[in-house]
Amino acid sequence: MSALDPELASLLAGTHTDPHRVLGVHEQPDGRWLVRFRHPGAGRASLVVGETIRQMRKVHPAGLFEVLVDEQPPLDHRFDLQLLDGNHLIAGDPYVFPPTVGELDKHLFGEGRHERLWESLGGRATVHEGVPGVAFALWAPNARAVRVVGDWNGWDGRVHPMRALGAPGIWELFVPLIGPGQRYKYELVDASGRLVMRADPMAQAAECPPATASIVAAHEHKWG
């Protein structure tokens, strides 16, 4: 992909409102599949599908990696990352999953009639398309870009930009292979272009003051 490609330029600038169009898995004209992943802190990356490991090529110094494969990888494929600081990380691929916020949720939210917002917004540990992870969703109608940051990505917003779901102003991302207990916040670019950090207004748990991070909650109580 050319460094002058506008989609890539928007992603690297942190302004792309649909990063799933650039990252993830995309079928190519020759029938093969391009797998693209970004982690600015990674020096090397490999695609892991079951027992098969494929070295990825670093195509941009800002941490963009690609590899071509003959078959479409399953949703639970992983990335084996060697970070520049010497650490090692296994990460899932958020950019192959459909939205966790459905059309009915968006319709009700747009009309101001959604009465169970806690089931759609916030950071919710769940199983999506058969894969465990955390679904993040935030209402931020005036934001130009939103990223989720937390313990699992070193609080680096460049790793997990979220996608805008249209008119209701909802931003969403499902992050696989993480779970309850993760601290997180949202990093927003507001209407004036300022970068601000916000706790989750729909979080079901939070740090004790003066700490301000939201926490992905684990709910084990069985309601009767």
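The largest cavity is lined by Gly14, His16, Ala145, Val146, Arg147, Pro161, Met162 and Trp171. The model is predicted. A search of the whole structure finds one cavity of 30 Å³ or more. The volume of the largest cavity is about 30 Å³. Strand S11 gives the largest share of its lining, three residues. By class, five lining residues are nonpolar, two are polar and one is charged.

Two of these lining residues, Val146 and Met162, recur in the description of the nonpolar core. The largest such core has 24 residues. Those with the most contacts inside it are Phe136, Val146, Val148, Met162, Tyr186 and Leu188. Several elements each supply at least two residues of this core: helix H1 (6-13) and strands S10 (131-139), S11 (145-150), S13 (170-176) and S14 (183-189). A second core is separate and has 15 residues. Among its members are Val25, Phe37, Phe65 and Leu81.

Phe37 belongs also to the account of strand S2, where it is one of the buried residues. Strand S2 spans residues 33-38, and six of its six residues are buried, so the strand is largely enclosed by the rest of the structure. Burial here means under 20% relative accessible area. Both faces of S2 are covered. Trp33, Val35 and Phe37 are buried on one side. Leu34, Arg36 and Arg38 are buried on the other.

Strand S2 pairs with strand S1 and with strand S6. Strand S1 (residues 24-27) runs antiparallel to S2, and four bridges join the two. Glutamate 27 stands opposite tryptophan 33 of S2. The hairpin of S1 and S2 has five residues between the strands. Within this hairpin, glycine 31 takes a positive phi near 90°. Strand S6 (residues 64-69) is also antiparallel to S2, and six bridges join them. Arginine 38 has leucine 64 in S6 as its bridge partner. Arg38 is thus placed twice: it is buried on one face of S2, and it is bridged to S6.

Strands S10 and S13 supply residues to the largest core and also take part in a sheet. This sheet is open and has four strands in the order S9-S10-S13-S12. Its pairing is antiparallel. Strand S9 (122-128) and strand S12 (163-164) are the edge strands, and each pairs on one side only. Strands S10 and S13 are joined by seven bridges and run antiparallel. Glycine 133 stands opposite proline 176 of S13.

Several loops carry notable backbone geometry. Glutamate 129 lies in the loop between S9 and S10. Its phi is near 55°, a positive value in a residue other than glycine. Tryptophan 155 lies in the loop between S11 and S12. Tryptophan 155 is not a glycine either, yet its phi is positive, at about 60°. The relative accessible area of tryptophan 155 is 29%, so this residue counts as partly exposed. A cis peptide bond links proline 209 to proline 210, with omega near 10°. Proline 210 is found in the loop between strand S15 (195-198) and strand S16 (214-215).

Conventions:
Residues numbered from 1 in each chain as written. Predicted model: local features only at pLDDT ≥ 70, side-chain atom pairs only at ≥ 80, totals over all residues. Heavy atoms only, no water. Buried < 20%, exposed > 50% of the residue type's maximum accessible area, 1.4 Å probe, protein only. Pairing = 2+ DSSP bridges. Core = buried A, V, L, I, M, F, W, Y, C linked by side-chain atoms within 4.5 Å. 1 Å grid on protein atoms, 1.4 Å probe; cavity = no way out; pocket = protein on both sides within 12 Å on 5 of 7 lines; lining within 4 Å. Points joined across faces, edges and corners; volume = space filled by probe spheres on them. Nonpolar A, V, L, I, M, F, W, Y, C, P; charged D, E, K, R; others polar.
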